Amino acid sequence: MFNTLEMTTIAQNGFGQHNPLADRYEASAAFESALLWGKLHALGHRLAGKPSSLRHLPAVDATTARRPARASGVVNVPLSQIVGSEGRASDFDSDFHPLNDNTRDRWINIAAAIRRGASMPPVELIQAADGYYVRDGHHRISVARAAGQASIEGRIAYVLVN
């Protein structure tokens, strides 16, 4: 249940302020809840004949250009404006609920780290006309949404303009 780094930290420092077992248990329960919501969301959309998966980043063609982002530092991005993915659209639904078990370990590790008070690096996003697309940080966004956060720190890699 614990990785090597966690075992070493516990051996050197004890449990400290947070109980790692409780953090992982709560993170695991949060993952199970998010996974269930993802499956229910997908089923409901399938029955209604609507797509429930994340949008794929639009292809760059002759009418679309990449330009550098105006804000080169870390910006606060509303989670509701993150609408898709550059490459992992099949792992999460449109609300960033996980859709399968292959995201479990990474999701739980991030959730447990956040419960311990660890800071997370900013996610990397691509800005398009219809919102932001994730380049790096899908699990962090999923955990943040499951925790009820309204926004997340991110860096804009580039902007797509038509």
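In the predicted model examined here, the second largest pocket holds about 160 Å³ of space. Its lining is made up of Ile114, Ala118, Ser119, Met120, Pro121, Arg140, Ala144, Gln149, Ile152 and Glu153, and by residue character this lining divides into six nonpolar, two polar and two charged residues. Among the elements of the structure, α4 and β7 each supply at least two residues of the lining of this pocket.

The helix α4, which contributes to that lining, is largely enclosed by the rest of the structure, because seven of its nine residues are buried. The buried residues of α4 are His138, His139, Arg140, Ile141, Ser142, Val143 and Ala144, and what covers them includes β4 (82-85), α3, β5, β6 and β7. After α4 comes Gly148, a residue whose phi is positive, near 85°.

Attention turns next to the nonpolar interior. The largest nonpolar core has 26 residues, of which Ile82, Phe96, Trp107, Leu125, Ile141 and Ile152 touch the most other members. Two or more residues are given to this core by each of α2 (20-48), α3 (104-115), β5 (123-128), β6 (131-136), α4 (138-146) and β7 (151-161), and the largest share, five residues, comes from α3. Apart from this core lies another one, of seven residues, which include Val83, Ile126, Ala128 and Tyr133.

Two of the residues that touch the most other members of the largest core, Phe96 and Leu125, may be described further. Phe96 is found in the loop between β4 and α3, and with a relative accessible area of 1%, under the 20% limit that defines a buried residue, Phe96 is therefore counted as buried. The phi of Phe96 is near 65°, which is a positive value in a residue other than glycine. Leu125, for its part, touches Val77, Ile82, Tyr132, Tyr133, Val134, Arg135, Ile141, Arg155, Ile156, Ala157 and Tyr158, when residues up to four places away in sequence are not counted.

The strand pairing around β5 can be described in the same terms of partners. β5 and β7 run parallel and are joined by five bridges, and within this pairing the bridge partner of Leu125 is Ile156 in β7, a residue that also appears among the contacts of Leu125. β5 and β6, by contrast, run antiparallel, and five bridges join them; here Glu124 has Asp136, in β6, as its bridge partner. The connection from β5 to β6 is a hairpin, which passes through two residues.

A last set of contacts concerns Arg67, which lies in strand β2 (residues 65-67). Its relative accessibility is 35%, a value between the limits of 20% and 50%, so Arg67 counts as partly exposed. When neighbours within four places in sequence are left aside, Arg67 is in contact with Tyr158, Val159 and Val161. Although Arg67 and Val161 are 94 residues apart along the chain, their C-alpha atoms are separated by 7.4 Å. Tyr158, one of the contacts of Arg67, is also touched by Leu125.

Terms used:
Residues numbered from 1 in each chain as written. Predicted model: local features only at pLDDT ≥ 70, side-chain atom pairs only at ≥ 80, totals over all residues. Heavy atoms only, no water. Core = buried A, V, L, I, M, F, W, Y, C linked by side-chain atoms within 4.5 Å. Buried < 20%, exposed > 50% of the residue type's maximum accessible area, 1.4 Å probe, protein only. Helix = DSSP H or I, 4+ residues; strand = E, 2+ residues; numbered from the N terminus. Contact = heavy atoms within 4.5 Å. Pairing = 2+ DSSP bridges. 1 Å grid on protein atoms, 1.4 Å probe; cavity = no way out; pocket = protein on both sides within 12 Å on 5 of 7 lines; lining within 4 Å. Points joined across faces, edges and corners; volume = space filled by probe spheres on them. Nonpolar A, V, L, I, M, F, W, Y, C, P; charged D, E, K, R; others polar.
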